[in-house]
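Colleague: I would like a close look at one part of this fold. Please start with the central strands and work outward from there.

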Amino acid sequence: MSTTVAELLVKTLADIGVRQVFGIVGDALNPFTDAIRQQSTIEWIGVRHEEGAALAAAGQAKLTGRLGVCCGTTGPGGNHLVPGLYEARKDHAPVLAI
């Protein structure tokens, strides 16, 4: 059976030490969240708003020095990540937005 892009992304994140991913499940993220669910070392942490996901990832990155990961779905979800990503950039915190 072939590996999907989502499975490869989750495996890569796990290989580099990502332990949690913050976001809201929906639409374009469904394959990614399914791959996280099937992979045992990464924990999905659901939030109520994408901005909260980005701020949580930024806070985690600032406290631990490890890569923080947040997700926003298509459309306005991606736009809602911007304030948290702006804060992460200003604080030089390593955050990946998916």
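**The sheet and its surroundings**

Modeller: Start with β1, in what is a predicted model. Both faces of this strand are covered. Gln20 and Phe22 lie on one side, Val21 and Gly23 on the other, and all four are buried. The strand covers residues 20–23 and pairs with β2 in the parallel sense, over 4 bridges. Within that pairing, Gly23 stands opposite Gly46 of β2. Strands of a sheet pair through backbone hydrogen bonds, either parallel or antiparallel.

Now widen the view to the whole sheet. It is open and has 4 strands, in the order β2-β1-β3-β4, with parallel pairing. β2 (43–46) and β4 (95–97) are the edge strands. Each has a single partner strand, so one side of each is left without a neighbour in the sheet. On average, neighbouring strands are turned by 25 degrees against each other, direction ignored.

Helix α3 comes next. This helix, residues 50–64, packs on the sheet and touches β1, β3 (68–71) and β4. Its direction makes about 175 degrees with that of β3.

Strand β3 brings up the cysteines. How many disulfides are there? The count is 0. Cys70 is in no disulfide; the nearest cysteine sulfur belongs to Cys71 and is 6.8 Å away. The cut-off for a disulfide is sulfur atoms within 2.5 Å, so that pair does not qualify. Turn to Cys71 and the result reads the other way round: no disulfide, with the sulfur of Cys70 as the nearest, 6.8 Å away. Are these two cysteines buried or exposed? Cys70 is buried, with a relative accessible area of 0%. Cys71 also counts as buried, at 0% relative accessibility.

Cys71 leads into the packing. It belongs to the largest nonpolar core, which has 12 residues. Val21 of β1 is in that core too. The other members are Ala6, Val10, Leu13, Val18, Leu29, Phe32, Ala35, Ile36, Ile42 and Val69. Three elements give two or more residues to this core: α1 (5–15), α2 (30–38) and β3. Ala6 shows one of the links. Leaving aside its neighbours within four places in sequence, Ala6 is in contact with Pro31, Phe32 and Ala35. Another core lies apart from the largest one. This other core has 6 residues, including Phe22, Ala53, Ala57 and Leu81.

Look at α1 by itself. Which of its residues are buried? They are Ala6, Val10 and Leu13. An α-helix has 3.6 residues a turn, so residues three or four places apart point the same way. Here the buried residues cover an arc of only 60 degrees around the axis, which puts them on the same side of α1. They pack against α2, β3 and β4. The face turned away from this buried side carries the exposed residues Val5 and Asp15. Just after the helix, Gly17 takes a positive phi of about 100 degrees.

Helix α2 holds Thr33. This threonine is buried, with a relative accessible area of 11%. Leaving aside its neighbours within four places in sequence, Thr33 is in contact with Val25 and Trp44. Thr33 and Glu7 are 26 residues apart in sequence, yet 9.5 Å apart in space, C-alpha to C-alpha.

Finish with two loops. Most residues other than glycine have a negative phi, and most peptide bonds are trans. Asp27 has a positive phi, near 40 degrees, and is not a glycine. This aspartate lies in the loop between β1 and α2. It is exposed, with a relative accessible area of 59%. His92 also has a positive phi, near 55 degrees, in a residue other than glycine. Its place is the loop between α5 (82–90) and β4. At 69% relative accessibility, His92 counts as exposed.

Note on methods
Residues are numbered from 1 along each chain as its sequence is written. This is a predicted model: local features need pLDDT of at least 70, side-chain atom pairs count only at pLDDT 80 or more; totals for chains, interfaces and linings use all residues. Side-chain values use heavy atoms; hydrogens and water are left out. Two strands pair if DSSP finds at least two bridges between them. Axes are lines fitted to C-alpha atoms, for helices over the stretch in contact, and angles run from 0 to 180 degrees between N-to-C directions. Contact means heavy atoms within 4.5 Å. Buried means under 20% relative accessible area, exposed over 50%, partly exposed in between (1.4 Å probe, protein chains only). A nonpolar core is a set of buried Ala, Val, Leu, Ile, Met, Phe, Trp, Tyr and Cys residues joined through side-chain atoms within 4.5 Å. The arc is that of the directions from the helix axis to the C-beta atoms.
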